[in-house]
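Let's take a look inside this protein and see what its enclosed spaces are made of. Have the model open and follow along.

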Amino acid sequence: MTTLSTIPQRLTALRQAMQQHHIDACLIPSSDPHLSEYLPAHWQARQWLSGFKGSMGTLIVTLDQAGLWADSRYWEQAEQELLGSGITLMKIQTAASTQHLDWLAQQLGNGQTLSVDGDVLSLAAAQALQTTLHAKGVQLRTDIDLVGQIWQARPALPHAAIYPHSAPFASTRRADKLLAVRQAMQQTAASHHFISTLDDIAWLFNLRGADVSYNPVFISHALISPKQATLFVDTSKLDATLQAELAADGIELADYHLAKTALSQLTASHSILIDPRRITLGLRQAIAAETTVISAINPSTLLKSRKTAAEAAQVRATMEQDGAALCEFFAWFENAVNRETITELTIDEQITAARARRPGFVSPSFATIAGFNANGALPHYHATAEAHSHISGDGLLLIDSGGQYLGGTTDITRVVAVGTPSAEQKRDFTLVLKGTINLSMAHFPRGTLSPMLDALARAPMWQHNIDFGHGTGHGVGYFLNVHEGPQTISRSLPDPSMAMQQGMITSVEPGIYRPGQWGVRIENLVLNVDAEQNGFGDFLRFETLTLCPIDTRCIEHGLLSRQEVDWLNHYHQEVRTRLLPLVDGPARDWLLHNTQAI
(Lines give C-alpha, C1' and ligand atoms only; values in the text may rest on other atoms or scores of the structure.)
Protein backbone atom coordinates (compact mmCIF):
# COMPACT_ATOMS: atom_id res chain seq x y z
CA MET A 1 0.00 0.00 0.00
CA THR A 2 1.17 3.52 -0.80
CA THR A 3 2.38 5.42 2.25
CA LEU A 4 -0.44 7.71 3.36
CA SER A 5 1.67 10.64 4.46
CA THR A 6 -0.68 13.49 3.59
CA ILE A 7 -4.28 14.22 4.52
CA PRO A 8 -5.49 14.23 0.88
CA GLN A 9 -3.91 10.77 0.41
CA ARG A 10 -5.68 9.48 3.51
CA LEU A 11 -9.01 10.88 2.37
CA THR A 12 -8.53 9.25 -1.03
CA ALA A 13 -7.79 5.89 0.63
CA LEU A 14 -10.88 6.22 2.84
CA ARG A 15 -13.09 6.99 -0.15
CA GLN A 16 -11.75 3.92 -1.94
CA ALA A 17 -12.63 1.80 1.11
CA MET A 18 -16.07 3.43 1.20
CA GLN A 19 -16.69 2.48 -2.43
CA GLN A 20 -15.61 -1.11 -1.77
CA HIS A 21 -18.20 -1.39 1.00
CA HIS A 22 -20.88 0.64 -0.84
CA ILE A 23 -20.73 3.43 1.73
CA ASP A 24 -21.83 6.94 0.76
CA ALA A 25 -20.61 8.82 3.86
CA CYS A 26 -18.36 8.07 6.82
CA LEU A 27 -18.60 9.80 10.21
CA ILE A 28 -15.54 9.86 12.46
CA PRO A 29 -16.24 11.10 16.03
CA SER A 30 -13.69 12.22 18.60
CA SER A 31 -14.17 9.30 20.96
CA ASP A 32 -13.01 5.89 22.09
CA PRO A 33 -14.79 2.79 23.49
CA HIS A 34 -14.83 4.47 26.93
CA LEU A 35 -16.09 7.89 25.78
CA SER A 36 -13.02 9.47 27.35
CA GLU A 37 -12.24 13.18 27.29
CA TYR A 38 -8.59 12.56 26.36
CA LEU A 39 -8.01 9.82 23.79
CA PRO A 40 -5.08 7.41 23.65
CA ALA A 41 -3.28 7.66 20.32
CA HIS A 42 -4.80 4.34 19.20
CA TRP A 43 -8.24 5.97 18.97
CA GLN A 44 -7.32 9.36 17.58
CA ALA A 45 -8.76 8.47 14.19
CA ARG A 46 -10.28 11.88 13.55
CA GLN A 47 -6.94 13.58 14.14
CA TRP A 48 -5.05 11.11 11.93
CA LEU A 49 -7.50 11.49 9.08
CA SER A 50 -7.98 15.27 9.24
CA GLY A 51 -4.78 16.69 10.76
CA PHE A 52 -6.90 18.70 13.23
CA LYS A 53 -5.42 18.31 16.73
CA GLY A 54 -8.25 19.82 18.79
CA SER A 55 -9.77 17.60 21.46
CA MET A 56 -13.34 17.94 20.14
CA GLY A 57 -14.76 17.78 16.64
CA THR A 58 -16.76 15.60 14.24
CA LEU A 59 -15.45 14.68 10.79
CA ILE A 60 -17.74 13.56 7.98
CA VAL A 61 -16.41 12.37 4.63
CA THR A 62 -18.55 11.71 1.56
CA LEU A 63 -17.36 10.61 -1.85
CA ASP A 64 -16.93 14.23 -2.93
CA GLN A 65 -16.96 16.37 0.23
CA ALA A 66 -15.41 16.46 3.71
CA GLY A 67 -16.33 18.65 6.65
CA LEU A 68 -15.11 19.10 10.20
CA TRP A 69 -17.58 20.43 12.77
CA ALA A 70 -15.88 22.33 15.62
CA ASP A 71 -17.00 24.96 18.11
CA SER A 72 -15.57 28.46 18.55
CA ARG A 73 -12.79 27.30 20.89
CA TYR A 74 -11.07 25.70 17.89
CA TRP A 75 -11.97 27.84 14.88
CA GLU A 76 -8.62 29.60 14.54
CA GLN A 77 -6.66 26.40 15.15
CA ALA A 78 -8.82 24.36 12.77
CA GLU A 79 -8.54 26.88 9.95
CA GLN A 80 -4.75 26.64 10.14
CA GLU A 81 -4.54 22.86 10.49
CA LEU A 82 -7.12 22.10 7.78
CA LEU A 83 -5.48 24.40 5.20
CA GLY A 84 -4.91 22.46 1.99
CA SER A 85 -6.44 19.27 3.35
CA GLY A 86 -9.62 19.29 1.28
CA ILE A 87 -11.67 19.44 4.48
CA THR A 88 -14.02 22.37 5.11
CA LEU A 89 -14.34 23.81 8.62
CA MET A 90 -17.98 23.85 9.70
CA LYS A 91 -18.30 26.40 12.49
CA ILE A 92 -20.71 25.60 15.31
CA GLN A 93 -21.43 27.57 18.46
CA THR A 94 -21.19 24.80 21.07
CA ALA A 95 -19.75 21.31 21.38
CA ALA A 96 -23.31 20.02 21.90
CA SER A 97 -24.44 21.30 18.49
CA THR A 98 -26.18 18.84 16.14
CA GLN A 99 -25.60 20.81 12.94
CA HIS A 100 -23.73 17.88 11.43
CA LEU A 101 -26.96 15.87 11.64
CA ASP A 102 -28.80 18.55 9.66
CA TRP A 103 -26.01 18.52 7.08
CA LEU A 104 -26.21 14.74 6.73
CA ALA A 105 -29.97 14.96 6.26
CA GLN A 106 -29.41 17.40 3.39
CA GLN A 107 -26.60 15.43 1.74
CA LEU A 108 -27.90 11.87 1.96
CA GLY A 109 -31.06 10.44 0.48
CA ASN A 110 -33.19 7.32 0.37
CA GLY A 111 -31.18 4.13 -0.09
CA GLN A 112 -27.81 5.64 0.78
CA THR A 113 -25.60 4.47 3.65
CA LEU A 114 -23.66 6.21 6.43
CA SER A 115 -20.89 4.33 8.20
CA VAL A 116 -19.53 4.97 11.70
CA ASP A 117 -17.54 2.68 13.98
CA GLY A 118 -20.08 1.59 16.59
CA ASP A 119 -17.33 0.71 19.05
CA VAL A 120 -16.54 4.42 19.55
CA LEU A 121 -20.01 5.88 19.02
CA SER A 122 -21.90 6.83 22.14
CA LEU A 123 -25.34 5.30 22.52
CA ALA A 124 -26.89 8.77 22.72
CA ALA A 125 -25.16 9.87 19.50
CA ALA A 126 -26.25 6.66 17.78
CA GLN A 127 -29.88 7.26 18.73
CA ALA A 128 -29.71 10.82 17.34
CA LEU A 129 -28.18 9.53 14.10
CA GLN A 130 -30.79 6.78 13.74
CA THR A 131 -33.62 9.25 14.24
CA THR A 132 -32.25 11.66 11.63
CA LEU A 133 -31.37 9.01 9.06
CA HIS A 134 -34.55 6.95 9.43
CA ALA A 135 -36.64 9.94 8.39
CA LYS A 136 -34.58 10.18 5.18
CA GLY A 137 -34.50 6.46 4.39
CA VAL A 138 -30.73 6.35 4.95
CA GLN A 139 -29.10 3.21 6.32
CA LEU A 140 -26.63 3.31 9.24
CA ARG A 141 -23.77 0.81 9.30
CA THR A 142 -21.88 0.50 12.59
CA ASP A 143 -20.17 -2.85 12.14
CA ILE A 144 -17.04 -1.70 10.28
CA ASP A 145 -14.14 0.58 11.13
CA LEU A 146 -13.23 2.03 7.75
CA VAL A 147 -10.50 4.31 9.09
CA GLY A 148 -8.92 1.36 10.89
CA GLN A 149 -8.74 -0.52 7.58
CA ILE A 150 -6.51 2.13 6.01
CA TRP A 151 -4.62 3.40 9.09
CA GLN A 152 -1.05 2.36 8.54
CA ALA A 153 1.18 2.01 11.60
CA ARG A 154 -1.78 2.62 13.90
CA PRO A 155 -0.47 3.12 17.46
CA ALA A 156 -0.90 0.13 19.75
CA LEU A 157 -3.11 0.22 22.81
CA PRO A 158 -1.38 1.96 25.74
CA HIS A 159 0.57 -0.30 28.07
CA ALA A 160 1.33 1.71 31.21
CA ALA A 161 1.52 -0.16 34.50
CA ILE A 162 -1.50 -0.27 36.81
CA TYR A 163 -0.89 0.42 40.49
CA PRO A 164 -2.99 0.50 43.66
CA HIS A 165 -4.34 3.71 45.11
CA SER A 166 -3.70 2.78 48.72
CA ALA A 167 -4.23 4.09 52.25
CA PRO A 168 -4.05 6.72 53.55
CA PHE A 169 -5.11 8.28 50.25
CA ALA A 170 -7.72 5.61 49.48
CA SER A 171 -9.73 5.52 52.68
CA THR A 172 -12.50 3.17 51.52
CA ARG A 173 -11.69 -0.45 50.71
CA ARG A 174 -12.54 -1.71 47.24
CA ALA A 175 -14.64 -4.45 48.84
CA ASP A 176 -16.79 -1.80 50.52
CA LYS A 177 -17.13 0.13 47.26
CA LEU A 178 -18.23 -3.02 45.47
CA LEU A 179 -20.75 -3.66 48.24
CA ALA A 180 -22.22 -0.16 47.77
CA VAL A 181 -22.53 -0.70 44.02
CA ARG A 182 -24.20 -4.08 44.55
CA GLN A 183 -26.69 -2.50 46.94
CA ALA A 184 -27.56 0.04 44.24
CA MET A 185 -27.94 -2.83 41.75
CA GLN A 186 -30.42 -4.54 44.09
CA GLN A 187 -32.54 -1.40 44.18
CA THR A 188 -32.92 -1.59 40.39
CA ALA A 189 -33.35 -5.40 40.37
CA ALA A 190 -30.22 -5.80 38.24
CA SER A 191 -28.31 -9.09 38.37
CA HIS A 192 -25.34 -7.55 36.55
CA HIS A 193 -23.82 -4.13 35.99
CA PHE A 194 -21.43 -3.19 33.17
CA ILE A 195 -19.06 -0.21 33.40
CA SER A 196 -16.90 1.25 30.64
CA THR A 197 -16.01 4.72 31.94
CA LEU A 198 -12.42 4.58 33.08
CA ASP A 199 -12.65 6.89 36.07
CA ASP A 200 -15.56 4.87 37.47
CA ILE A 201 -13.50 1.69 37.18
CA ALA A 202 -10.36 3.24 38.69
CA TRP A 203 -12.40 4.57 41.62
CA LEU A 204 -14.29 1.33 42.20
CA PHE A 205 -11.22 -0.91 42.28
CA ASN A 206 -8.85 1.56 44.01
CA LEU A 207 -6.48 1.34 41.06
CA ARG A 208 -4.73 3.98 38.99
CA GLY A 209 -2.76 3.99 35.73
CA ALA A 210 -1.34 6.21 33.03
CA ASP A 211 -3.02 5.12 29.79
CA VAL A 212 -4.72 8.47 29.23
CA SER A 213 -3.05 11.88 29.24
CA TYR A 214 -3.64 13.85 32.46
CA ASN A 215 -6.10 11.31 33.90
CA PRO A 216 -4.62 8.54 36.11
CA VAL A 217 -6.77 5.79 34.61
CA PHE A 218 -6.25 2.62 32.57
CA ILE A 219 -8.00 0.99 29.62
CA SER A 220 -10.55 -1.52 30.93
CA HIS A 221 -14.16 -2.61 31.29
CA ALA A 222 -15.86 -4.13 34.33
CA LEU A 223 -18.78 -6.51 34.85
CA ILE A 224 -20.26 -6.77 38.34
CA SER A 225 -22.57 -9.53 39.58
CA PRO A 226 -23.82 -10.28 43.12
CA LYS A 227 -20.91 -12.60 43.86
CA GLN A 228 -18.26 -11.75 41.31
CA ALA A 229 -16.53 -8.79 39.69
CA THR A 230 -14.63 -9.17 36.44
CA LEU A 231 -12.06 -6.60 35.33
CA PHE A 232 -11.38 -6.79 31.59
CA VAL A 233 -7.84 -5.48 31.21
CA ASP A 234 -4.42 -6.29 29.82
CA THR A 235 -3.31 -8.46 32.75
CA SER A 236 0.39 -7.93 31.99
CA LYS A 237 -0.06 -4.37 33.31
CA LEU A 238 -0.63 -5.67 36.85
CA ASP A 239 2.16 -7.30 38.84
CA ALA A 240 1.64 -10.58 40.70
CA THR A 241 1.18 -8.91 44.08
CA LEU A 242 -1.61 -6.66 42.80
CA GLN A 243 -3.29 -9.54 41.00
CA ALA A 244 -3.30 -11.51 44.25
CA GLU A 245 -4.81 -8.55 46.14
CA LEU A 246 -7.61 -8.28 43.62
CA ALA A 247 -8.28 -12.01 43.74
CA ALA A 248 -8.54 -11.83 47.53
CA ASP A 249 -11.29 -9.24 47.08
CA GLY A 250 -13.21 -11.52 44.72
CA ILE A 251 -12.12 -9.76 41.53
CA GLU A 252 -11.38 -11.89 38.49
CA LEU A 253 -9.16 -10.65 35.67
CA ALA A 254 -10.00 -11.29 32.02
CA ASP A 255 -8.53 -10.12 28.73
CA TYR A 256 -9.62 -6.62 27.74
CA HIS A 257 -11.02 -7.80 24.41
CA LEU A 258 -13.37 -10.36 26.02
CA ALA A 259 -15.79 -7.78 27.41
CA LYS A 260 -18.14 -8.04 24.44
CA THR A 261 -18.12 -11.81 24.67
CA ALA A 262 -19.07 -11.67 28.34
CA LEU A 263 -21.98 -9.36 27.56
CA SER A 264 -23.20 -11.66 24.79
CA GLN A 265 -23.26 -14.62 27.19
CA LEU A 266 -25.88 -13.08 29.46
CA THR A 267 -29.23 -14.84 29.09
CA ALA A 268 -32.95 -14.20 29.53
CA SER A 269 -32.59 -14.96 33.23
CA HIS A 270 -30.25 -12.02 33.67
CA SER A 271 -30.87 -8.28 33.95
CA ILE A 272 -28.07 -5.80 33.36
CA LEU A 273 -27.73 -2.21 34.51
CA ILE A 274 -26.05 0.11 32.01
CA ASP A 275 -25.68 3.87 31.88
CA PRO A 276 -26.90 4.94 28.42
CA ARG A 277 -24.82 8.13 28.62
CA ARG A 278 -21.64 6.22 29.40
CA ILE A 279 -21.64 3.28 27.00
CA THR A 280 -21.04 2.89 23.28
CA LEU A 281 -23.44 1.47 20.73
CA GLY A 282 -21.09 -1.43 20.02
CA LEU A 283 -21.14 -2.59 23.63
CA ARG A 284 -24.91 -2.12 23.89
CA GLN A 285 -25.42 -4.23 20.78
CA ALA A 286 -23.34 -7.05 22.30
CA ILE A 287 -26.03 -7.65 24.91
CA ALA A 288 -28.38 -10.43 23.82
CA ALA A 289 -31.89 -9.32 22.87
CA GLU A 290 -33.48 -11.56 25.51
CA THR A 291 -31.47 -10.03 28.37
CA THR A 292 -33.35 -7.40 30.35
CA VAL A 293 -31.60 -4.03 30.14
CA ILE A 294 -32.03 -1.49 32.94
CA SER A 295 -30.97 2.05 32.00
CA ALA A 296 -29.75 4.23 34.86
CA ILE A 297 -26.73 6.27 35.89
CA ASN A 298 -23.72 4.23 36.98
CA PRO A 299 -23.97 3.92 40.79
CA SER A 300 -20.21 4.54 40.97
CA THR A 301 -20.64 7.92 39.25
CA LEU A 302 -22.84 9.11 42.08
CA LEU A 303 -20.78 7.45 44.80
CA LYS A 304 -17.41 8.81 43.71
CA SER A 305 -18.79 12.34 43.33
CA ARG A 306 -19.49 12.44 47.08
CA LYS A 307 -16.08 12.59 48.68
CA THR A 308 -15.81 11.07 52.15
CA ALA A 309 -14.64 13.09 55.15
CA ALA A 310 -11.25 11.34 54.92
CA GLU A 311 -10.96 12.17 51.21
CA ALA A 312 -11.93 15.80 51.87
CA ALA A 313 -9.17 16.01 54.48
CA GLN A 314 -6.64 14.69 51.95
CA VAL A 315 -7.86 17.22 49.36
CA ARG A 316 -7.39 20.08 51.83
CA ALA A 317 -3.82 18.97 52.47
CA THR A 318 -3.23 18.65 48.73
CA MET A 319 -4.57 22.15 48.16
CA GLU A 320 -2.02 23.46 50.65
CA GLN A 321 0.82 21.81 48.76
CA ASP A 322 -0.55 23.04 45.43
CA GLY A 323 -0.93 26.54 46.82
CA ALA A 324 2.64 26.52 48.10
CA ALA A 325 3.84 25.46 44.63
CA LEU A 326 1.91 28.37 43.12
CA CYS A 327 3.53 30.78 45.60
CA GLU A 328 6.94 29.61 44.39
CA PHE A 329 5.86 29.99 40.78
CA PHE A 330 4.39 33.47 41.16
CA ALA A 331 7.37 34.67 43.20
CA TRP A 332 9.60 33.61 40.31
CA PHE A 333 7.26 35.19 37.76
CA GLU A 334 7.01 38.57 39.51
CA ASN A 335 10.78 38.76 39.73
CA ALA A 336 11.35 37.76 36.11
CA VAL A 337 8.56 39.44 34.13
CA ASN A 338 9.67 42.43 32.06
CA ARG A 339 13.25 41.59 33.07
CA GLU A 340 13.79 38.20 31.41
CA THR A 341 12.44 36.61 28.26
CA ILE A 342 9.24 34.81 29.25
CA THR A 343 6.78 33.18 26.86
CA GLU A 344 3.49 31.40 27.40
CA LEU A 345 5.44 28.14 27.05
CA THR A 346 7.74 29.19 29.90
CA ILE A 347 4.71 29.48 32.19
CA ASP A 348 3.79 25.82 31.69
CA GLU A 349 7.38 24.69 32.28
CA GLN A 350 7.81 26.70 35.47
CA ILE A 351 4.42 25.95 37.02
CA THR A 352 4.78 22.20 36.39
CA ALA A 353 8.31 22.23 37.84
CA ALA A 354 7.04 23.97 40.99
CA ARG A 355 4.31 21.37 41.46
CA ALA A 356 6.73 18.52 40.80
CA ARG A 357 8.75 19.60 43.85
CA ARG A 358 5.72 19.00 46.10
CA PRO A 359 5.04 15.67 47.88
CA GLY A 360 2.44 13.44 46.26
CA PHE A 361 2.57 15.13 42.85
CA VAL A 362 2.01 12.75 39.93
CA SER A 363 1.32 14.85 36.81
CA PRO A 364 -0.55 17.88 35.49
CA SER A 365 -4.32 17.35 35.52
CA PHE A 366 -4.71 18.96 32.07
CA ALA A 367 -2.61 20.90 29.58
CA THR A 368 -1.76 24.28 31.10
CA ILE A 369 -3.51 27.26 29.52
CA ALA A 370 -1.35 30.40 29.62
CA GLY A 371 -2.78 33.22 27.53
CA PHE A 372 -1.41 36.75 27.48
CA ASN A 373 -3.75 39.59 26.50
CA ALA A 374 -5.59 38.57 23.30
CA ASN A 375 -4.74 34.88 23.78
CA GLY A 376 -6.48 34.98 27.15
CA ALA A 377 -9.73 35.73 25.33
CA LEU A 378 -9.68 32.17 23.91
CA PRO A 379 -11.09 30.02 26.77
CA HIS A 380 -9.29 26.84 25.62
CA TYR A 381 -6.18 28.42 24.14
CA HIS A 382 -2.97 26.39 24.12
CA ALA A 383 0.39 27.84 23.25
CA THR A 384 2.51 25.76 20.89
CA ALA A 385 6.13 25.93 19.81
CA GLU A 386 4.90 27.27 16.47
CA ALA A 387 2.46 29.86 17.88
CA HIS A 388 2.87 31.57 21.26
CA SER A 389 3.28 35.03 22.73
CA HIS A 390 6.05 36.68 24.70
CA ILE A 391 4.93 38.14 28.01
CA SER A 392 6.11 41.71 28.36
CA GLY A 393 4.82 45.24 28.54
CA ASP A 394 1.38 45.83 30.02
CA GLY A 395 -1.68 43.60 30.18
CA LEU A 396 -3.28 40.56 31.73
CA LEU A 397 -1.93 37.02 31.86
CA LEU A 398 -4.50 34.24 32.32
CA ILE A 399 -3.16 30.95 33.73
CA ASP A 400 -5.43 27.89 34.04
CA SER A 401 -3.54 24.90 35.42
CA GLY A 402 -3.85 21.93 37.72
CA GLY A 403 -2.12 18.94 39.22
CA GLN A 404 -2.79 15.29 39.94
CA TYR A 405 -1.69 14.35 43.45
CA LEU A 406 -2.14 11.10 45.33
CA GLY A 407 -4.43 13.04 47.66
CA GLY A 408 -6.55 14.88 45.12
CA THR A 409 -6.91 16.73 41.84
CA THR A 410 -6.45 20.50 41.53
CA ASP A 411 -7.70 23.00 38.95
CA ILE A 412 -7.16 26.74 39.35
CA THR A 413 -7.29 29.83 37.18
CA ARG A 414 -5.68 33.11 38.10
CA VAL A 415 -5.28 36.31 36.11
CA VAL A 416 -2.31 38.50 37.05
CA ALA A 417 -1.24 41.98 36.03
CA VAL A 418 1.76 42.39 33.77
CA GLY A 419 2.97 45.94 34.03
CA THR A 420 -0.01 48.24 34.53
CA PRO A 421 -3.52 46.97 33.72
CA SER A 422 -5.94 49.40 32.10
CA ALA A 423 -9.09 50.72 33.75
CA GLU A 424 -11.20 48.55 31.41
CA GLN A 425 -9.21 45.45 32.30
CA LYS A 426 -9.61 46.16 36.03
CA ARG A 427 -13.35 46.60 35.56
CA ASP A 428 -13.69 43.22 33.82
CA PHE A 429 -11.50 41.54 36.43
CA THR A 430 -13.60 42.95 39.26
CA LEU A 431 -16.89 41.89 37.69
CA VAL A 432 -15.56 38.34 37.32
CA LEU A 433 -14.35 38.41 40.92
CA LYS A 434 -17.82 39.52 42.05
CA GLY A 435 -19.28 36.53 40.20
CA THR A 436 -16.81 34.15 41.84
CA ILE A 437 -17.58 35.57 45.29
CA ASN A 438 -21.35 35.62 44.72
CA LEU A 439 -21.48 31.92 43.92
CA SER A 440 -18.87 30.99 46.54
CA MET A 441 -21.03 32.52 49.29
CA ALA A 442 -24.17 30.63 48.26
CA HIS A 443 -26.27 28.56 50.68
CA PHE A 444 -28.79 26.21 49.09
CA PRO A 445 -31.07 23.30 50.04
CA ARG A 446 -29.52 19.84 49.79
CA GLY A 447 -30.65 18.29 46.53
CA THR A 448 -30.71 21.57 44.60
CA LEU A 449 -30.07 20.78 40.94
CA SER A 450 -26.63 22.21 40.21
CA PRO A 451 -27.56 24.13 36.99
CA MET A 452 -29.92 26.25 39.12
CA LEU A 453 -26.87 27.87 40.76
CA ASP A 454 -25.33 29.06 37.51
CA ALA A 455 -27.06 32.47 37.47
CA LEU A 456 -25.49 33.42 40.81
CA ALA A 457 -22.07 33.72 39.15
CA ARG A 458 -23.43 35.54 36.09
CA ALA A 459 -25.61 38.09 37.89
CA PRO A 460 -22.87 40.70 38.56
CA MET A 461 -21.90 40.59 34.87
CA TRP A 462 -25.47 40.58 33.64
CA GLN A 463 -25.96 43.87 35.49
CA HIS A 464 -23.44 45.31 33.02
CA ASN A 465 -24.89 43.44 30.00
CA ILE A 466 -21.92 41.04 29.90
CA ASP A 467 -21.99 37.23 29.73
CA PHE A 468 -19.68 34.30 29.00
CA GLY A 469 -20.20 31.27 26.78
CA HIS A 470 -18.94 28.35 28.86
CA GLY A 471 -20.32 26.66 31.96
CA THR A 472 -19.57 28.11 35.37
CA GLY A 473 -18.45 24.89 37.03
CA HIS A 474 -17.71 21.18 36.60
CA GLY A 475 -17.27 18.33 39.04
CA VAL A 476 -13.72 17.32 39.94
CA GLY A 477 -12.45 13.85 40.80
CA TYR A 478 -10.33 12.58 43.68
CA PHE A 479 -6.97 11.84 42.05
CA LEU A 480 -9.07 11.14 38.97
CA ASN A 481 -10.47 13.09 36.04
CA VAL A 482 -10.38 16.86 36.40
CA HIS A 483 -13.82 16.87 34.75
CA GLU A 484 -16.30 14.49 36.32
CA GLY A 485 -20.07 14.33 36.78
CA PRO A 486 -22.80 14.20 37.50
CA GLN A 487 -23.08 17.79 38.78
CA THR A 488 -22.41 20.76 36.55
CA ILE A 489 -23.01 24.43 37.26
CA SER A 490 -24.04 25.50 33.80
CA ARG A 491 -26.94 26.23 31.52
CA SER A 492 -27.50 22.53 30.87
CA LEU A 493 -30.96 21.11 31.28
CA PRO A 494 -31.26 19.94 34.90
CA ASP A 495 -31.19 16.20 35.48
CA PRO A 496 -32.12 14.45 38.76
CA SER A 497 -28.59 13.05 39.02
CA MET A 498 -27.25 16.63 39.23
CA ALA A 499 -28.65 17.12 42.74
CA MET A 500 -26.06 18.78 44.96
CA GLN A 501 -25.02 16.52 47.84
CA GLN A 502 -22.52 16.78 50.65
CA GLY A 503 -18.95 15.98 49.60
CA MET A 504 -19.17 17.01 45.95
CA ILE A 505 -16.25 19.08 44.63
CA THR A 506 -17.07 21.57 41.89
CA SER A 507 -15.25 24.40 40.14
CA VAL A 508 -16.42 28.01 40.24
CA GLU A 509 -15.03 29.78 37.15
CA PRO A 510 -16.94 32.69 35.61
CA GLY A 511 -15.17 34.76 32.96
CA ILE A 512 -15.24 37.69 30.57
CA TYR A 513 -13.61 37.41 27.14
CA ARG A 514 -13.01 40.29 24.76
CA PRO A 515 -11.81 38.82 21.43
CA GLY A 516 -8.53 40.28 20.27
CA GLN A 517 -8.01 42.12 23.56
CA TRP A 518 -7.94 40.10 26.81
CA GLY A 519 -9.69 37.46 28.87
CA VAL A 520 -10.43 37.15 32.58
CA ARG A 521 -11.34 33.98 34.45
CA ILE A 522 -11.01 33.34 38.18
CA GLU A 523 -11.41 29.71 39.25
CA ASN A 524 -11.51 28.04 42.65
CA LEU A 525 -12.65 24.56 43.62
CA VAL A 526 -15.35 24.34 46.27
CA LEU A 527 -16.65 21.53 48.47
CA ASN A 528 -20.30 21.00 49.41
CA VAL A 529 -20.48 21.04 53.23
CA ASP A 530 -23.31 21.26 55.74
CA ALA A 531 -24.62 24.77 56.45
CA GLU A 532 -27.67 24.36 58.66
CA GLN A 533 -30.62 22.09 59.28
CA ASN A 534 -33.77 23.91 60.34
CA GLY A 535 -37.49 24.04 59.82
CA PHE A 536 -37.00 24.99 56.17
CA GLY A 537 -34.83 22.00 55.34
CA ASP A 538 -31.24 20.78 55.18
CA PHE A 539 -28.95 23.44 53.71
CA LEU A 540 -25.49 23.17 52.17
CA ARG A 541 -22.84 25.80 51.49
CA PHE A 542 -19.52 25.93 49.66
CA GLU A 543 -16.15 25.61 51.37
CA THR A 544 -13.49 27.11 49.11
CA LEU A 545 -10.68 24.55 48.76
CA THR A 546 -8.26 26.35 46.43
CA LEU A 547 -5.55 28.33 48.23
CA CYS A 548 -3.86 31.03 46.16
CA PRO A 549 -4.01 34.83 46.35
CA ILE A 550 -6.18 36.77 43.92
CA ASP A 551 -4.31 39.69 42.34
CA THR A 552 -5.60 42.82 44.09
CA ARG A 553 -3.71 45.04 41.62
CA CYS A 554 -6.42 44.17 39.09
CA ILE A 555 -9.35 45.22 41.28
CA GLU A 556 -11.46 48.34 40.83
CA HIS A 557 -12.25 48.79 44.51
CA GLY A 558 -15.31 50.95 43.98
CA LEU A 559 -17.16 48.04 42.35
CA LEU A 560 -16.87 45.77 45.42
CA SER A 561 -19.44 45.80 48.19
CA ARG A 562 -18.43 45.69 51.86
CA GLN A 563 -19.53 42.04 51.99
CA GLU A 564 -17.37 41.19 48.97
CA VAL A 565 -14.35 42.96 50.46
CA ASP A 566 -14.85 41.03 53.70
CA TRP A 567 -15.03 37.74 51.78
CA LEU A 568 -11.80 38.50 49.91
CA ASN A 569 -9.95 39.58 53.06
CA HIS A 570 -11.13 36.49 54.95
CA TYR A 571 -10.08 34.28 52.02
CA HIS A 572 -6.63 35.86 51.88
CA GLN A 573 -6.19 35.44 55.63
CA GLU A 574 -7.03 31.75 55.26
CA VAL A 575 -4.56 31.40 52.39
CA ARG A 576 -1.83 33.11 54.39
CA THR A 577 -2.42 31.05 57.55
CA ARG A 578 -2.40 27.70 55.80
CA LEU A 579 0.40 28.27 53.28
CA LEU A 580 2.88 30.19 55.41
CA PRO A 581 4.31 27.06 57.09
CA LEU A 582 5.02 25.52 53.67
CA VAL A 583 7.00 28.32 51.99
CA ASP A 584 10.14 30.31 52.64
CA GLY A 585 12.37 32.86 50.96
CA PRO A 586 10.89 34.73 47.96
CA ALA A 587 7.75 32.55 48.01
CA ARG A 588 7.07 33.53 51.62
CA ASP A 589 7.62 37.21 50.86
CA TRP A 590 5.31 37.01 47.84
CA LEU A 591 2.60 35.29 49.91
CA LEU A 592 2.75 37.90 52.68
CA HIS A 593 2.62 40.78 50.23
CA ASN A 594 -0.26 39.38 48.20
CA THR A 595 -2.52 38.43 51.11
CA GLN A 596 -2.68 41.88 52.68
CA ALA A 597 -6.17 43.13 53.45
CA ILE A 598 -7.68 45.69 51.12
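Which residues line the second largest cavity? In this predicted model, the lining is made up of Phe 330, Glu 334, Val 416, Pro 549, Ile 550, Asp 551, Arg 553, Trp 590 and Asn 594.

## The second largest cavity

This one holds about 60 Å³ of space. Two helices show up in its wall with at least two lining residues each: helix 13 (309-336) and helix 18 (585-594).

As for chemistry, the lining of the second largest cavity splits into five nonpolar residues, one polar and three charged.

## The count, and the largest cavity

Stepping back, the structure has four cavities of 30 Å³ or more. The largest cavity encloses about 140 Å³. It is lined by 16 residues, and those closest to its centre are Ile 28, Ala 45, Asp 117, Val 120 and Asp 145.

Sort the lining of the largest cavity by class and you get 11 nonpolar, two polar and three charged residues.

## Who builds the wall of the largest cavity

Strand 1 (25-28) and helix 6 (146-150) are the elements to look at here, since each gives at least two residues to the lining of the largest cavity. Strand 1 makes the largest contribution, with three residues.

Methods:
Residues are numbered from 1 along each chain as its sequence is written. This is a predicted model: local features need pLDDT of at least 70, side-chain atom pairs count only at pLDDT 80 or more; totals for chains, interfaces and linings use all residues. Side-chain values use heavy atoms; hydrogens and water are left out. On a 1 Å grid over the protein atoms alone, a cavity is a set of points where a 1.4 Å probe fits but cannot get out, and a pocket is an open set with protein on both sides within 12 Å along at least five of seven lines; lining residues have an atom within 4 Å of a point. Grid points are joined across faces, edges and corners, and a volume is the space filled by probe spheres set on the points. Helices (H or I, at least four residues) and strands (E, at least two) are DSSP runs, numbered from the N terminus. Ala, Val, Leu, Ile, Met, Phe, Trp, Tyr, Cys and Pro count as nonpolar, Asp, Glu, Lys and Arg as charged, and the others, Gly among them, as polar.
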